[in-house]
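The following exercises are intended for a reader who is meeting this structure for the first time. Please attempt each task before reading its solution.

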Amino acid sequence: AYCKRWPLGSSNSMNAHNNDRLKEEFTTVYNTYADTMFRYCFFKTSDREAAKDLVQQIFLKTWSYLQKGEIDNYRPFLYRVATRIVIDWYRRIKTDSLDTLRENGYDPEDKRANTSQTAEVNWVFTVMEHLKEEDQNLIIWRYVEDLSPSEIASILGETENVVSVRLHRAKAKLEQLLNRDK
């Protein structure tokens, strides 16, 4: 659903034109979505440097995919790539020892100290950690990144109806946790 292939011409001038068009399209996509992808990665990792690295990986993957075909809807495509890259990042850091992580500047005690958020928002983040990751993603995409249920459905490969029901349940769970911890 994300990719529609187009025939590339064999002449050098046509290939150069296509390459210029790809560069221009990629630049537009990067300028439009880089900050959004950074916020998403930072929210998921709580590590500014890791988020920058992950955004680089997202756009490298997007560039290589763009060269193979036309991406019809960039926003869901980028979130799907970002989600996979964040999952891979967590798998990699799980294998690192705590000492190695600390040497590289990661401090598990200071997970969100670099953010300038209010105590209430930090409390919501802390409570959200008690939700399943799928529910966290739904809430982040809908209420932090302002994606529509239709866009979330595209990311997850599910129907809009299923996403709406899951989102409603995730929100209810979060409200229940927030009310319990008051």
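**Exercise 1: A lysine in a helix**

Determine whether Lys44 is buried or exposed, and identify the residues that it touches.

Solution. The model is a predicted one. Step 1: Lys44 has a relative accessible area of 9%. Because buried means under 20%, Lys44 is classed as buried. Step 2: Lys44 lies in helix 1. Step 3: Leaving out residues up to four places away in sequence, Lys44 touches Val86, Tyr90, Glu133, Gln136, Asn137 and Ile140.

**Exercise 2: The nonpolar core**

State how many residues the largest nonpolar core has, and which helix gives the largest share of it.

Solution. Step 1: The largest nonpolar core has 47 residues, and Met37, Ile58, Phe59 and Leu78 have the most contacts inside it. Step 2: The elements giving two or more residues to this core include helix 2 (48-68), helix 3 (74-95) and helix 8 (160-180). Step 3: Helix 1 gives the largest share of this core, 11 residues. Step 4: Beyond its neighbours within four places in sequence, Ile58 is in contact with Met37, Cys41, Leu78, Val81, Ala82 and Ile85.

**Exercise 3: Two packed helices**

Describe how helix 7 and helix 8 are oriented to each other, and which residues make the contact.

Solution. Step 1: The two helices, helix 7 and helix 8, pack at an angle of about 105°, and their axes are 8 Å apart. Step 2: Angles of 65 to 115 degrees count as roughly perpendicular, so helix 7 and helix 8 are roughly perpendicular to each other. Step 3: Helix 7 contributes Pro149, Ser150, Ile152, Ala153 and Leu156 to the contact, while helix 8 contributes Glu160, Val163, Ser164 and Arg166. Step 4: By class, this contact of helix 7 with helix 8 has five nonpolar, two polar and two charged residues.

Conventions:
Residues numbered from 1 in each chain as written. Predicted model: local features only at pLDDT ≥ 70, side-chain atom pairs only at ≥ 80, totals over all residues. Heavy atoms only, no water. Core = buried A, V, L, I, M, F, W, Y, C linked by side-chain atoms within 4.5 Å. Buried < 20%, exposed > 50% of the residue type's maximum accessible area, 1.4 Å probe, protein only. Helix = DSSP H or I, 4+ residues; strand = E, 2+ residues; numbered from the N terminus. Contact = heavy atoms within 4.5 Å. Axes fitted to C-alpha atoms, helices over the stretch in contact; angles between N-to-C directions. Parallel < 35°, antiparallel > 145°, perpendicular 65-115°, else oblique. Nonpolar A, V, L, I, M, F, W, Y, C, P; charged D, E, K, R; others polar.
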